[in-house]
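I opened my notebook on a structure I had not looked at before. Here is what I looked up, in the order I went.

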Amino acid sequence: MAEKLVWGRAWHGRSYDLGRMTLPDLWRAYLTYPAINLYALFAVLSGGAALSLAKRWQDIALPILAVCLVYPFVWYGLHRYVLHGRWLYRMKWTAGLWKRIHFDHHQDPHLLEVLFGSPLNTIPTMLIITGPIGYAIGGWAGGTAAFATALVTTCVYEFFHCIQHLNYKPKSQFIQKLKRDHLLHHFHSEKINMGIVSFTPDYIFHSYVPTAKECPKSPTVFNLGYDVEEAKRYPWVMEITGTPPRDKPPSGLEREAAAAEAV
Ligand SMILES: [Zn+2]
Ligand SMILES: [Zn+2]
Ligand SMILES: [Zn+2]
């Protein structure tokens, strides 16, 4: 009961701004965030099913390994061609989805509610992609192990993504670098650095850029190409938002934008 009250207080009608939060604030928001709780619940159920179904350790271990290897590449493909594709906002019935899954995050990278994916989109995607991979390797034990791995990996990705937008400097050099790389994707060019935790696909497909100097600044880094002209032709995203698309960082983020540029 007490827990439910805290959960309710944390998430009813509250908006979180990562620019004004500390690391302990973030942990509190993250651990009580409904989508994260749901992923954890499904991961426990699916992982438990895998353990009870497995006949050999390989049925579980190999799917876990496969998902860890495949995940960064699937994320890369989705981020580059679906989230940054220009086709979802051009159709009325997918415009709202595109706005929710990525446009809103680039318009205001500090808003926690739109930084996190919606479980209605993320859970089916994970199930459809990783379930069959696991099933092919280890039957039902493999399928459930793979799904559980995708859920856990998503929790890790979401946390690192929060850290990348949280107004603080990580102690670890590795995390500092991840943060810098991702901020270039937000403040310099949306065509580079598609990764969150792993930039290996960016290296392989030549979209990794370590500093702002090595790549021209993109004029569409905040609106993803959905500018006022596009909004006249394809009005649905603008209609849902209620305001024209922004092509500058929201106020308060100028400093962060300058810091990303200075690298
Ligand atoms: Zn981001
Ligand atoms: Zn930020
Ligand atoms: Zn993006």
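I started with H185, which is buried, at a relative accessible area of 0%. For my own reference, buried means under 20% relative accessible area, exposed over 50%, and partly exposed in between, with a 1.4 Å probe and protein chains only.

Ground rules next. This is a predicted model, so to speak plainly: local features need pLDDT of at least 70, side-chain atom pairs count only at pLDDT 80 or more, and totals for chains, interfaces and linings use all residues. Residues are numbered from 1 along each chain as its sequence is written, chains are lettered from A and ligands numbered from 1 in the order in which they are written, and side-chain values use heavy atoms, with hydrogens and water left out.

**H185 and its zinc**

I found H185 in helix α8. Helices here are DSSP runs of H or I with at least four residues, strands are E runs of at least two, and both are numbered from the N terminus. Which residues does H185 touch, leaving aside those up to four places away in sequence? I noted H79, H84, H102, H106, E190, I192, N193, M194 and V221. A contact means heavy atoms within 4.5 Å.

Four of those names came back when I looked at the metal. The zinc ion (ligand 3) is coordinated through NE2 of H79, H84, H102, H106 and H185, at 2.1 to 2.3 Å. Donors are N, O and S atoms within 2.8 Å of the metal (3.2 Å for Na, K and Ca), and water is not among the atoms, so sites may look incomplete. I wrote the donor spacing in sequence as H-x4-H-x17-H-x3-H-x78-H. One pair there links distant parts of the chain: H84 sits in the loop between α4 (58-83) and α5 (92-107), and H106 in helix α5, 22 residues apart. H84 counts as buried because its relative accessibility is 13%. H106 is buried too, with 0%.

**The other zinc site I checked**

What coordinates the zinc ion (ligand 1)? I listed H105, H161, H165, H182 and H186, each through NE2, at 2.1 to 2.2 Å. The spacing for this ion reads H-x55-H-x3-H-x16-H-x3-H. Here H165 in helix α7 (residues 119-165) and H186 in helix α8 (residues 173-187) link distant parts of the chain, 21 residues apart. Buried or exposed, these two, H165 and H186? Both are buried.

**Whole protein**

I then stepped back. The protein has 12 helices and zero strands. Its C-alpha atoms fill a box of roughly 55 × 50 × 45 Å along the principal axes. The radius of gyration is 19 Å, which agrees with the value near 18 Å for a compact globule of 263 residues. That radius is taken over C-alpha atoms, and the globule rule is 2.2 Å times the number of residues to the power 0.38.

Buried residues make up 49% of the 263. Of the contacts with a separation of 6 or more, 70% come from residues 24 or more positions apart. The protein exposes about 13600 Å², and carbon and sulfur atoms supply 67% of that; the areas come from the Shrake-Rupley method with a 1.4 Å probe, and for residues only the protein chains shown count as cover.

**Two positive phi angles**

Most residues other than glycine have a negative phi. I therefore made a note of N193, which has a positive phi of about 50° although it is not a glycine. N193 is in the loop between α8 and α9 (200-204), and it is buried at 0%. L224 also has a positive phi, of about 55°, and is not a glycine. I placed L224 in the loop between α9 and α10 (228-233), where it is buried with a relative accessible area of 5%.

**Two more helix residues**

S46 is in helix α3 (residues 34-53). S46 is buried at 8%, and beyond its sequence neighbours up to four places away it touches T144, F147 and A148.

Last came F159, in helix α7 and buried at 13%. With residues up to four places away set aside, F159 touches L26, W27 and Y30. From C-alpha to C-alpha, F159 and G77 are 20 Å apart in space, and they are 82 residues apart in sequence.
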